[in-house]
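Reader: I would ask for a close look at a single part of this model, with its helix packing and its loop backbone treated in turn. Please place that part in the context of the whole chain as well.

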Amino acid sequence: HAVGSQVGEVLLYYCYCEVKDPEKLCAWQKALCQHLHLTGKVRVASEGINGTVGGSKVATSLYIKAMLSQPLFKSILCQEDFKSSAGGAHCFPDLRVGVFKEIVPMGIDPKIVSYKETGIHLSPQEFHREVEQYLSQATQGQSDTILLDCRNFYESKIGHFQGCLAPDIRKFSYFPSYVDENLELFKDKRVLMYCTGGIRCERGSAYLRSKAVCREVYQLKGGIHKYLEEFPDGFYRGKLFVFDDRYAICSNEDIISACRYCGVLWDQYKLCSSQHCRQLVLTCPSCCNKGLTACCPVCQEKELKVTSRASGQTLKEECECTRRRPRVPTEHVSPRMLDTGE
């Protein structure tokens, strides 16, 4: 092994296209990743492919080559469509490749709301200019624009664009109901949408457009990932949440979130220490040392009286913070602005 070969990367990409035989594509994809010793998650559907994989730099570049020469993606996918960050195979517990109905789980049949009806794609430069303009108008209280974060609450909590509206949702499949409940909010507005790598906006913007209430819908091409490549110190503050063992990647030193227990600035997630709970918790080292390692008092209690259950039984844990969070929050006020970072 050459020195430095341990420093690999994690790729994030998606491609919407017609896949006649998803099972076949899935098998090819699995074999390719195994051959290159890549780990990660790949979703295949009749509407395309969405993946995030980690491995050595040699492996990830061979993977990109293979993807670009695959006849299905040849004319659609390009080098620029792969977002990369420092990491490797160790960022994922294993390799999971599967066939699904949607390549991003919005919970709405792709035949009903198609990726073909998206908003207008803006390059990072164009998006940056739009946000700049929006922020200067918003300070004068006269903006007809909404800067919408399509991600989940735990993602926007540790990093977001200044002045954005961040729905308090737990999963992307709650996004459509969020839009339905808040149509008034979007009426006659220009909406600037963003997400991690751009894929949630492809379906999210199509859904919003299908409601025919907005004046215009724009989306950030390549997502926050591409934006941070061009503007590491731009209008996006804090960390970028990623769905692997790293939890977050960092482009600026800002910490915009706090420890759940003592309120000190802290933005490094850990899994709740209660056995079956899958919630993430922000708890700083000194609170951790005091044994405050659960996501909420209910879990903290539970952890103290560890119950023996039939082994191998996976339980969907309902704890205080999941119960307190409505499936679909409604924005009662005009957009609840997150701090503008001033």
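Author: Helices and strands are here DSSP runs, numbered from the N terminus, with at least four residues for a helix (H or I) and at least two for a strand (E). In these terms, Ala212 is located in the loop that links α7 (199-210) to β10 (216-220). The model is predicted, and for Ala212 it gives a phi near 50°, which is a positive value in a residue other than glycine. A second residue of this kind is Asp188, non-glycine and with a positive phi, near 60°. Asp188 is found in the loop between α6 (183-186) and β9 (190-194).

The wider setting may be taken from a record. UniProt, in an unreviewed entry, lists residues 141-236 as "domain: Rhodanese". Over that stretch, helix accounts for 39% of the chain and strand for 20%. The C-alpha atoms at the two ends of residues 141-236 are 21 Å apart.

Helix packing comes next. Helix α3 (residues 124-139) and helix α8 (residues 223-230) have axes that come within 9 Å and cross at roughly 90°. Because angles of 65 to 115 degrees count as roughly perpendicular, α3 is roughly perpendicular to α8. The contact involves Pro124, Gln125 and His128 of α3, which meet Lys226, Tyr227 and Glu230 of α8. By class, this contact has 2 nonpolar, 2 polar and 2 charged residues.

Another helix pair may be set beside this one. The axes of α1 (residues 22-35) and α2 (residues 57-69) come within 10 Å, with a crossing of roughly 155°. Since an angle over 145 degrees counts as roughly antiparallel, α1 is roughly antiparallel to α2. The crossing of α1 and α2 is right-handed. On the α1 side, Trp28, Gln29, Leu32 and Cys33 meet Tyr63, Ala66 and Met67 of α2. The contact of α1 with α2 has 6 nonpolar residues, 1 polar residue and no charged residues.

As for the whole chain, the division is into domain 1 (9-99), domain 2 (120-241) and domain 3, the last given as 258-306 + 316-324. Taken over C-alpha atoms, the centres of domain 1 and domain 3 are separated by 34 Å.

Methods: Residues numbered from 1 in each chain as written. Predicted model: local features only at pLDDT ≥ 70, side-chain atom pairs only at ≥ 80, totals over all residues. Heavy atoms only, no water. Domains from an automatic or database assignment. Axes fitted to C-alpha atoms, helices over the stretch in contact; angles between N-to-C directions. Parallel < 35°, antiparallel > 145°, perpendicular 65-115°, else oblique. Left-handed = near helix turned anticlockwise from the far one by under 90°. Contact = heavy atoms within 4.5 Å. Nonpolar A, V, L, I, M, F, W, Y, C, P; charged D, E, K, R; others polar. UniProt positions renumbered as here; feature names shortened; annotations may be inferred.
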